[in-house]
Amino acid sequence: DEQARGFGGEVGVWHTNLISADEAERDTAAEAWTRALRLADRIGAGCCVGLAGSRAEQWWEPHPDNLTPDTFALLTEQARRVIDAVRPERTTLALEPMPWTFPTGIDDCRALLDAVDRPRFGVHLDLANWMDQPRRFLEQDRFIDEVIATLGPHVFGCHLKDVQLRHDLPAHLRECRPGLGGLNLRRLLERLDALPQDVPVLLEHLETDAEYRLAFEHVLQIAPRRASVDQST
């Protein structure tokens, strides 16, 4: 399926819109997610993950209606629809965090876990995507600890990226290669490694093999010693 790609640790579902304003597009997205979740369960991936989408014309864009109670209810219904169609036994459905689409933070994740109310619905972490304000970035150690303390048992996947806080105004936080920013990735990896379940951690959004190699080498230096590392692509 060209919309679903497996990476061992996760199967990603991209270019779909579970919360589209168009019903036909929502149905198409739910079908793509269903196929992806079925694949993820068959290969035993840690999670099936993607973005919830947007009420805007494009599936990745910010929109005021993305964060309304009605959209939350729609997303809950869509997640249940996918899980109930597959009834996975080995993998977990999860939504990648975003600053302008559910889930935007810890409270959203907790609320979605309660609302979806399915044992195979979990949490995916992308700490960089949650660095949407300077204060959260500057108080990140406390935020990391709160994330794990609150959501830890439900986490089944993680994207590892770094963030630079620029001095430009208005506030500007920029994603970058691990090792070039100020996120405390060591702390995040240590907290993830202490969880009882295996949490696959994947690098992403780099342009060249050389960049991935540099990112990998940095992560290898800061990763807890007992964590297993897969160099395959």
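**Helices, empty spaces and backbone exceptions in a predicted model**

Ile144 is part of helix α5. The model is a predicted one, and this residue is a convenient place to enter it. With a relative accessible area of 1%, Ile144 is buried, because buried means a value under 20%. Leaving aside residues up to four places away in sequence, Ile144 touches Leu127, Asn184, Arg187, Leu188 and Arg191. Arg187 stands 43 residues from Ile144 along the chain, yet their C-alpha atoms are separated by 7.7 Å.

One of those contacts, Leu188, leads to the next helix. Leu188 is among the buried residues of α6, which spans residues 185–193; the others are Leu185, Leu189, Leu192 and Asp193. Viewed down the axis of α6, these buried residues fall within an arc of 130 degrees, so they line one face of the helix. Which elements cover them? The cover includes two helices, α5 and α7 (209–222), along with strands β5, β6 (155–160), β7 (162–166) and β9 (201–203).

Helix α5 also has a part in the packing of α3. The buried residues of α3 are Ile106, Asp108, Cys109, Leu112, Leu113, Ala115 and Val116. They pack against α2, β4 (92–95), β5 and α5. From the side of α2, Thr76 shows part of this arrangement. Thr76 sits in α2, which runs over residues 69–86, and it is buried at 7% relative accessibility. Beyond residues up to four places away in sequence, Thr76 touches Leu112, Ala115 and Val116.

The empty space comes next. A probe the size of a water molecule, rolled over the atoms, shows where such space is left. The structure holds one cavity of 30 Å³ or more. The largest cavity takes up about 50 Å³, and its lining consists of Leu95, Pro103, Cys109, Leu112, Leu113, Phe121, Gly122, Val123 and His124. Two elements, α3 (106–116) and β5 (123–125), give two or more residues each to this lining. Of all contributors, α3 gives the most, with three residues. By class, the lining has seven nonpolar residues, two polar ones and no charged ones.

The second largest pocket has a volume of about 190 Å³. Its lining is formed by Gly105, Ile106, Asp107, Gln133, Arg135, Arg136, Glu139, Arg142, Phe143 and Glu146. At least two of these residues come from each of α3, α4 (134–138) and α5 (140–151). The largest share, three residues, is supplied by α5. Six of the lining residues are charged, two are nonpolar and two are polar.

What remains concerns the backbone and the cysteines. Most residues other than glycine have a negative phi, and most peptide bonds are trans. Where does the model depart from this? The peptide bond from Phe102 to Pro103 is cis, with omega near 0 degrees. Pro103 is in the loop between β4 and α3, and it is also one of the residues lining the largest cavity. Another cis peptide bond joins Leu169 and Pro170, with omega about 0 degrees; Pro170 belongs to the loop between β7 and β8 (172–176).

Positive phi values occur at several residues. His15, in the loop between β2 (10–13) and α1 (23–43), has a phi near 60 degrees. At 59% relative accessibility, His15 counts as exposed. Arg87 has a phi near 50 degrees and is found in the loop between α2 and β4. Its relative accessible area of 61% makes Arg87 exposed. Just after α3, Asp117 takes a positive phi of about 55 degrees.

How many disulfides does the structure contain? A search of the whole structure finds zero. A disulfide is a covalent bond between the sulfur atoms of two cysteines, and a pair is counted when those sulfur atoms are within 2.5 Å. For Cys48, the closest cysteine sulfur is that of Cys47, at 7.5 Å, which is too far for a bond. Cys48 is buried, at 0% relative accessibility. For Cys176, the closest cysteine sulfur is in Cys158, 15 Å away, again too far for a bond. Cys176 also counts as buried, with 13% relative accessibility.

Technical notes
Residues are numbered from 1 along each chain as its sequence is written. This is a predicted model: local features need pLDDT of at least 70, side-chain atom pairs count only at pLDDT 80 or more; totals for chains, interfaces and linings use all residues. Side-chain values use heavy atoms; hydrogens and water are left out. Buried means under 20% relative accessible area, exposed over 50%, partly exposed in between (1.4 Å probe, protein chains only). On a 1 Å grid over the protein atoms alone, a cavity is a set of points where a 1.4 Å probe fits but cannot get out, and a pocket is an open set with protein on both sides within 12 Å along at least five of seven lines; lining residues have an atom within 4 Å of a point. Grid points are joined across faces, edges and corners, and a volume is the space filled by probe spheres set on the points. Helices (H or I, at least four residues) and strands (E, at least two) are DSSP runs, numbered from the N terminus. Ala, Val, Leu, Ile, Met, Phe, Trp, Tyr, Cys and Pro count as nonpolar, Asp, Glu, Lys and Arg as charged, and the others, Gly among them, as polar. Contact means heavy atoms within 4.5 Å. The arc is that of the directions from the helix axis to the C-beta atoms.
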